[in-house]
Amino acid sequence: MGEIGGFLRIHRVGFDKRDPRERVRDYKQYFHTQSEEELARQGGRCMDCGVPFCHEGCPLGNPIPDWNDLVYRGDWRRAVEVAHSTNNFPEFTGLICPAPCESACVLDINDDPVTIEQIELGIAERGWANGWIVPEPPATRTGRSVAVVGSGPAGMAVADELNRMGHSVTVFERDEGVGGLMRFGVPDAKLEKWIIDRRARLLEDEGVTFLCDVDVGRDVSAAELRERFDAVVLAIGSRVHRELEVPGRDLEGVHFAMDYLYQRNRAVAREEGRPWRAAEREITAAGKHVVVVGGGDTGMDCISNSLREGAADVKMLDVYPELPSSGRPENTPWPLPPKRTLTTYALDEGGERTWNSEVTALEGDGDGRVARAHGRRVEGTSSRDLRAVPGSEFALPAQLVLIAIGFSHPDHDGPVRDLGLDLDARGNVRAPVYATSRPGVFACGDARVGQSLVVTAIAEGRKCARPGRRPLERLARLLARGRAAVLRALAQGLGDDVNDDPVDDQPQAPEGDDQTDGDGEGARGEHRREA
Amino acid sequence: MVAEGINVLILSDREVGAERVAIPSLLAVAAVHHHLVREGTRLRCGLVIESGEPRETHHMATLIGYGAAAINPYLMLESLTDLRQAGMLGELSQAEAEDNVVKAIGKGLLKVLSKMGISTVQSYCGAQIFEAVGLEPELVARHFTGTASRIGGVGLDVLAREALERHARGYPRPDSDLLPVGGLYQWRRDGERRMWDPETIALLQHSVRPNGNGDGDVSQQTYDRFAHLVDEENARAGMLRGLLRLREDVRPVPLDEVQPATEIVKRFSTGGMSLGALSPEAHETLAVAMNRLGGRSNTGEGGEDEARYGDERRSAIKQVASGRFGVTINYLANADQLQIKIAQGAKPGEGGQLPGHKVDRYIARLRHSTPGVGLISPPPHHDIYSIEDLKQLIYDLRCGNPRARVSVKLVAEVGVGTVAAGVAKANADHVTIAGHDGGTGASPQSSIQSAGVPWEIGLAETQQTLLANDLRSRIIVEVDGQMRTGRDVVVAALLGADEFGFSTAPLIATGCIMMRVCHLNTCPVGIASQDPELRRRFAGTPEHVVNYLMLVAEHTRRLMAGLGVRTMEELIGRADLLEAEAAIEHWKAGGVDLTNVLTMPEVEPGAPRRRTEPPPRVLDDALDWDLIAAARPALERGEKVGLQREVHNVHRAVGGILSHEIARRHGSAGLPEGTIEVEFHGSAGQSFGAWLASGVTFTLRGEANDYTGKGLSGGVLTVLPPDGHPYLAEENVIVGNTVLYGATGGRAFFRGLAGERFAVRNSDAWAVVEGCGDHGCEYMTGGRVIVLGRTGRNFAAGMSGGIAYVLDEDEGFEGRCNLELVGFDEISADDERELRGLIAEHAQRTGSPVAERILSRWSEYLPRFVKVMPHDYKRALAELAQEAAGIAGEGEPALRE
Ligand SMILES: Cc1cc2nc3c(=O)[nH]c(=O)nc-3n(C[C@H](O)[C@H](O)[C@H](O)COP(=O)(O)OP(=O)(O)OC[C@H]3O[C@@H](n4cnc5c(N)ncnc54)[C@H](O)[C@@H]3O)c2cc1C
Ligand code: SF4
Ligand code: SF4
């Protein structure tokens, strides 16, 4: 453990953000990485709790107290190993995880939590910088092959895991680069893309094949993949947008946020000499009055991009009411992630957020281009009890309107239809224990659980590769099948019984309401950085 | 081989490899041991085990207990090399590190041995004083022959599977050489199941707090989720009660016909967690909650702040543990229940420890000790070596408070039923059976994992033995040990419990998050800390505890309705409403046989299976009633009263009830010294002058038995030989053994010799005696003892406070004194004044020629006195003096300005 009583002497030192006026002029990471000494000091605040809630709060179950201690003692090399024992890509989560571990940290009860995420990032970056993260191709190959559709964090994680077990993995990606929403949604200010490339290259060196620019369902049918490979994993994300149903939606200059973010990320790629695709119809915020509909993180990323493009002004409309910016609301007690309103990195840079406001109509300039957004105030706290306030109508100049109110489910065309997969009540691919209704076809990530987080996507990918139970329980069942089964399993290691007895853990429809998640996303990626 | 004359067998698992799976070392040792015993060749050879497995005290203890004469824990030793290389051992050399570990294990073993009452490893070796929990009878009969195993359990096949499974984690070599953390001591997601995990802790906390929706149902739902998790999942995997099922084939009754929750909670208490272990804030929160509910909170060991006596913060149960810290007459007088703690679930026999850094001024005041000096509760009660002694202590406590129930807390272990029957016969009102899964984070790790048995077993045995001996109706049976849900309560009631003790769960309700750092004083939520900064962080309220226990009681009611039972009275002892759970998932549970637990002894129809009547009255013939009547003017109006009485050895604890009357009326201050003076003649029974309160002076001409002056609480006690005695008083024993045990104040003068264990655990009494037996001043933490003659061996063992002055005429004292914690000091001028004053008082009260001789040739005698001074005490006094000087110093500049 760290220092006894260390938390009483050492204070939390959060992310060191760059000056907003400076960073808004580039596409670089918006904060500085901490020094080794500071990270070690911060690691010393960890109390090595008897019941480490952080470890439970992290969807990956990261061994946080263990790595905190190693960092505190300066044993970075072991820390790198420990971090990779539960997380394939600690550099991704270290950068853009909303860190539910930190809201669950015991120190969050009455103090400031350990800077777990920064430590995680520090560990990963140290691992890379010191050349400790090197290709470790599997010693033997099983001769089985797997096709993974989609190269987001879920697809990358499942590919990594399966490859380590010795299976031959090919990842099909319709975009020109791997990473899914991490590449095309998340701006470089949060996650510079060479970081994804670095990891993808490592996976390639270990034997994973990435085939970009292949749209499964168009360029190759899913059924064909099913035939050519021993197993197919769908990690296609949850990409169908929620629609804004108001008059004027068809006007020019009204777009889904994702279309804009894709273009902006491609523009940066182009500038930096990475592969990119030209847009059919360019969306730009330069010099315009921009209105962002939806107060979640996608909206924030739109603000940050619009400001970098030189928008005249950016207004964000959020239907939900403002929440206190600190403290713990009673309905999200520790160790749950608290519902609070924080000033995000994007709003630090500019832009303006209005609460309790909804868009009622979009008005054109006569030439089919959007010119004004009409809205009104609403009252209420959840999507179920929102009421319009009479006489509160307003209008805003709007030359670009970006719709960032979330995604509803994965694409039902393409592979899902090709393979005739069952869906769950919310339209996600039904795959209890990751096996879909088609034998040999698996699903994980946002495609299975609906839109969530990078950390959940990685966890999904990992579990999809080793579904079911803990080794101990699995062995029990193997024993029931007889001695031969045990010996076979022992020879292979106990991890790779992909087609194990299913336990139903298909996620349930969410019970709580989606307060503040203007686009159903909640505050992600940086919520802790404000502390 | 043994037949061939080989006389040392070495069992080794060094050859484990891809093809070879290690047999659990204990199984190997026990199997070979018992095989040789059966062959009749066991005595011809020694058994040595060389294994990678043993690494903890408990491992070593069991290996030795099953016959290993030597152990080579090679992997444990090699791990030290590893740790050293990783730089985790600082500057330690390999040899030093190995030395330390071996020493630590040795100490642990010593504790284990001493708690079993065994003094040499030779006699422990092969003694197998264990109870197996969860092993099948055939396996036990063959390889652990003679070990008690009451609930059956797994057999060789399962052990083999587990061995294979462990092996599979190492072969083939996994990609990473990281070992799983395991989670035995610290919870980990993939580790061992624990009683509390993040989910259950969070759900419990959420269920008792406002949830922001203003919705009472939310609490209920959250509690239900909590209870569901605990009952169905955790319990099934780890707890015996999880293997029991409530019968469903009975006619339910409507819920509204079941006794209200407000009645049920009156049967709840919180466990004895001491102030010192808990912060005052946390401790008082529990007390207030229990008082509001009509239940009972427990002081735990170590006294209670008198400021709490008058109000809601008072603990109804006052504990009397072996340390007797803060057990004054006023403490006793302010109890509803007095609990003699024989052993506690988590730490049987190990006594309690309070590290010096937790003993701040407040704690020190309550315990009548010195801030900064660590406190050890000796493992045994020095006044209980037999059930007769226990009966005496129960009697003494009854005198100290005739209105309070007297309870005995036992740990559930083999034979607890018999002990409980003894407790009932000793006239206790109440017995607590504490299961093995309780305990705080301060308990030594080896105890948390492997002491005692689950309460289900202990409780069932207790119930059955009490019924069989027709004692059940006169004693209240309480169960204590990780009660968490209404289902736990119902199962316990069905197995025979009248009352229910909760420890961890109420603390969790107030915010405890099971840090298991209670002993470090760094509890971040201010529950188990004395640090003012951390205490400020405590955010628990009595409502949290009240809400939680009400939820538990409501849950209890619902289950009662399902069982067709309307009142707790009807529920208690109905083991027939339980049955063994058929579908038990965890493979270890297969083969468990619960018949023993579920047996209901035949009793006459209508004979009660619960407590229905109080124990026999024992105080009616006490001498004190007469004293109280005669002392009425003093008690009521503070007038001086002088009495003369005969005393006989049937009169026990004389002065106890009188002192109770004083404390009840006048609190701890009592009456001014000498208000009630009684001169006795004769031979007093045990515990003469017990708890004697301030304002009472007893002078006995004659002699007194064991336990004289037990818990002396400010009174003055003198014993001198009758006039005209024909012998030399300074050569004869005048008071028995264990005199002044746990005294907290007052003065005592004995004209003659005392027996063994004089002034053990004295914390503030001043005493003069003319010689004493072995173990004088053991574990003393305060006060003064003057011995004007020879002491026995082992004087001052474990003494951490107070001062003893011993007249060392034959210069042999050094050899009789245990110098582990104490040293000999210069007698300063202040000391001299103190010493001389006390000897003068001794001379005056007893007319002792010994004292007179010393006084008359003072300068000659003074140098022969040895001042016995505990090191810690000296250090702490110096620090306190410095602090006082520092405070004065800081003030100075301000004065000058
Ligand atoms: C703007 C934005 C910002 C976000 N910020 C954060 C953040 O800061 N922190 C955080 O934790 N989470 C954030 N998220 C959420 C997070 O990015 C996603 O939850 C996560 O990427 C989901 O991973 P996935 O692998 O399941 O799906 P995706 O990342 O959506 O990946 C799916 C992949 O499948 C490919 N694909 C789909 N169909 C086909 C097909 N037919 N053939 C071939 N390829 C196909 C897609 O091109 C894509 O590459 C953000 C999301 C958005 C939109
Ligand atoms: S992945 Fe996210 S939740 Fe897990 S440790 Fe890292 S920052 Fe915390
Ligand atoms: S909860 Fe916080 S303090 Fe506790 S182990 Fe985790 S990081 Fe450390």
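1. Three helices of chain A, α5 (64–72), α8 (100–104) and α9 (116–129), each supply at least two residues of the shell around ligand 2. Of these, α9(A) gives the largest share, with three residues. Note that this is a predicted model.

2. The shell around ligand 2 holds 14 residues. The closest are A:Cys58, A:Asn62, A:Cys97, A:Cys101 and A:Glu120. Three of the names in that list are cysteines: A:Cys58, A:Cys97 and A:Cys101.

3. What is the make-up of the shell around ligand 2 by class? There are 10 nonpolar residues, alongside two polar and two charged ones. Cysteine is counted as nonpolar here.

4. As for its site, ligand 2 sits in a cavity, the second largest.

5. Chain A is assigned three domains. Domain 1 runs over 6–129. Domain 2 is pieced together from 145–240, 409–467 and 507–514. Domain 3 covers 243–405.

6. How far apart are the C-alpha centres of domain 1 and domain 2 of chain A? They lie 27 Å apart. Where the two domains touch, domain 1 of chain A puts in 22 residues and domain 2 of chain A puts in 25.

7. Domain 1 and domain 2 of chain A bury about 2,200 Å² between them. Carbon and sulfur atoms give 69% of that area. On the domain 1 side, A:Phe89, A:Phe92 and A:Ile96 stand out: together they supply 30% of the area that domain 1 of chain A buries against domain 2 of chain A. No other three residues supply as much.

Note on methods. Residues are numbered from 1 along each chain as its sequence is written. Chains are lettered from A and ligands numbered from 1 in the order in which they are written. This is a predicted model: local features need pLDDT of at least 70, side-chain atom pairs count only at pLDDT 80 or more; totals for chains, interfaces and linings use all residues. Side-chain values use heavy atoms; hydrogens and water are left out. A residue is near a molecule or strand if one of its heavy atoms lies within 4 Å of it. On a 1 Å grid over the protein atoms alone, a cavity is a set of points where a 1.4 Å probe fits but cannot get out, and a pocket is an open set with protein on both sides within 12 Å along at least five of seven lines; lining residues have an atom within 4 Å of a point. A molecule sits in a cavity or pocket if more than half of its atoms lie within 2 Å of its grid points. Helices (H or I, at least four residues) and strands (E, at least two) are DSSP runs, numbered from the N terminus. Domain bounds come from an automatic or database domain assignment. Contact means heavy atoms within 4.5 Å. Buried area is the accessible area (1.4 Å probe) that two parts lose on being put together, summed over both.
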